Amino acid sequence: MSLRYYVYISDSKVDMLLPQVDPAFAGKRSTELGINLKVVTGKRKVESDADRIARLERVVRHIDDFCDVGTIDEPGQYFRGRLAMRWREAAGGVTYFAGATEDTVVGLGGSSHHIIGGAPEKDRTFAPSMLPGLMPAMRAMLDDEAPESVLELAYMANRQLRGDEQELEFIAKRLRHGPSPYPEMDRGRAVNVVVGSPLFVALAE
C-alpha cells in the first residue's frame, strides 16, 4: 500500500462534501466526537489525525468514481496531478502553490490553517479557497503592479515565485481555466492557465 506524506488537507471542504457523499460516515463521526470529549488529549489527537485522513480519502474516492476529474492540462470540475511546485504562505493566511507543465501554468491556493501543523485560523470575510479571498494574497506576492484577473495573477505568480521546488501531488477544485493572458511570453505555444483550490497536497518524492 502506498503512503502519502500530506502537507495540506482542506478540512472545510471535506466537512462540506462528506455529508453529501456518505451521510452515514458523517453521522458516525458526530456520535464519536461526543464520546471522545472525555478521552485524554494525546489519545484524542492521534484518533483525530486518523479520522481526518479517513474522511478525506472517503471524499476523494467519491470524486474519482463519480465526478468530472481531469488532468492539469485538461481539467474537469476537479483536476489532479503530480508536479514540481514552489509554495509559500502569502498575505491573509493563504498558502499558495505554483508550478507549470509544458502547456499549463498551475496555481493552487487555500487557507494556511489547513497546512499540517498549521496555526489556528483567524476570522476572515472571505475564505482563502475562494477567489475573493485568494486574489488579494496573489496580488501581494507580485513584485510589480499586480494585474486584475486571476489568470493573469496566476501566470505572473508562477514566473516570480522564488524558492526550491518540491514534487507534489494533489487533487483540486477548478476555479478558473483559460488561455494564457500573455501569449507574447509563451513563444508561440498554446499555453493555458488553471487556478484551483486543493482538497489535499502531498509530497510525491
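Buried means under 20% relative accessible area. Keep that cut-off in mind. The model on the screen is predicted.

Let's start with charges. Side chains of opposite charge can pair when their charged atoms come close. How many salt bridges does the structure hold? It holds eight. I'll take you through some of them.

Look at Asp51 and Arg55. Their side chains meet in a salt bridge, at 3.9 Å from N to O. Both residues sit in helix α3, four residues apart, so about one helical turn separates them. Here is the general rule. An α-helix has 3.6 residues a turn, so residues three or four places apart point the same way.

Now, is Arg55 buried or exposed? Arg55 has 6% relative accessibility, so it counts as buried. Its partner Asp51 comes out at 22% and counts as partly exposed.

Next, a bridge between two helices. Arg52 pairs with Asp11, and their closest N and O atoms are 2.8 Å apart. Arg52 belongs to helix α3, residues 41–66, while Asp11 belongs to helix α1, residues 11–21. The pair therefore ties together parts that are 41 residues apart in sequence. Arg52 has a relative accessible area of 19%, so it is buried. Asp11 has 22%, so it is partly exposed.

Now to the strands. Glu167 forms a salt bridge with Arg82. The closest N and O atoms of that pair are 3.6 Å apart. Where do these two residues lie? Glu167 is in strand β6, residues 166–179, and Arg82 is in strand β3, residues 78–90. So this bridge ties together parts that are 85 residues apart in sequence. Glu167, at 26% relative accessibility, counts as partly exposed. Arg82, at 54%, counts as exposed.

One more point on charges. Asp15, Asp51 and Arg55 are joined into one network by salt bridges that share partners.

Let's leave charges and go inside. The largest nonpolar core has 25 residues. Which of them touch the most other members? They are Tyr96, Leu134, Met138, Met141, Val150, Val193 and Val195. Four elements each give two or more residues to this core: β4 (94–100), α4 (131–141), α5 (150–160) and β7 (192–203). Of these, α5 gives the most, with seven residues. Apart from this core lies another, of 15 residues. Val7, Leu83, Val106 and Ile115 are among its members.

Stay with helix α5 for a moment. Why is α5 described as largely enclosed by the rest of the structure? Because nine of its 11 residues are buried. You can pick them out on the screen: Val150, Leu151, Leu153, Ala154, Tyr155, Met156, Ala157, Asn158 and Gln160.

Last stop: Ser180. This residue lies in the loop between β6 and β7. At 10% relative accessibility, Ser180 counts as buried. A polar atom of the Ser180 side chain lies 3.1 Å from the backbone nitrogen of Tyr182. What else is Ser180 in contact with, leaving aside its neighbours within four places in sequence? The list is Tyr155, Asp186, Val191, Asn192 and Val193. Two of those names came up earlier. Tyr155 is one of the buried residues of α5. Val193 is one of the core residues that touch the most other members.

That's my tour. Over to you.

Terms used. Residues are numbered from 1 along each chain as its sequence is written. This is a predicted model: local features need pLDDT of at least 70, side-chain atom pairs count only at pLDDT 80 or more; totals for chains, interfaces and linings use all residues. Side-chain values use heavy atoms; hydrogens and water are left out. A salt bridge is a side-chain nitrogen of Lys or Arg within 4 Å of a carboxyl oxygen of Asp or Glu. Buried means under 20% relative accessible area, exposed over 50%, partly exposed in between (1.4 Å probe, protein chains only). A nonpolar core is a set of buried Ala, Val, Leu, Ile, Met, Phe, Trp, Tyr and Cys residues joined through side-chain atoms within 4.5 Å. A polar contact is a pair of N or O atoms within 3.5 Å; within protein, one must be able to donate a hydrogen and the other to accept it, and residues adjacent in sequence count only if both atoms are side-chain atoms. Contact means heavy atoms within 4.5 Å.
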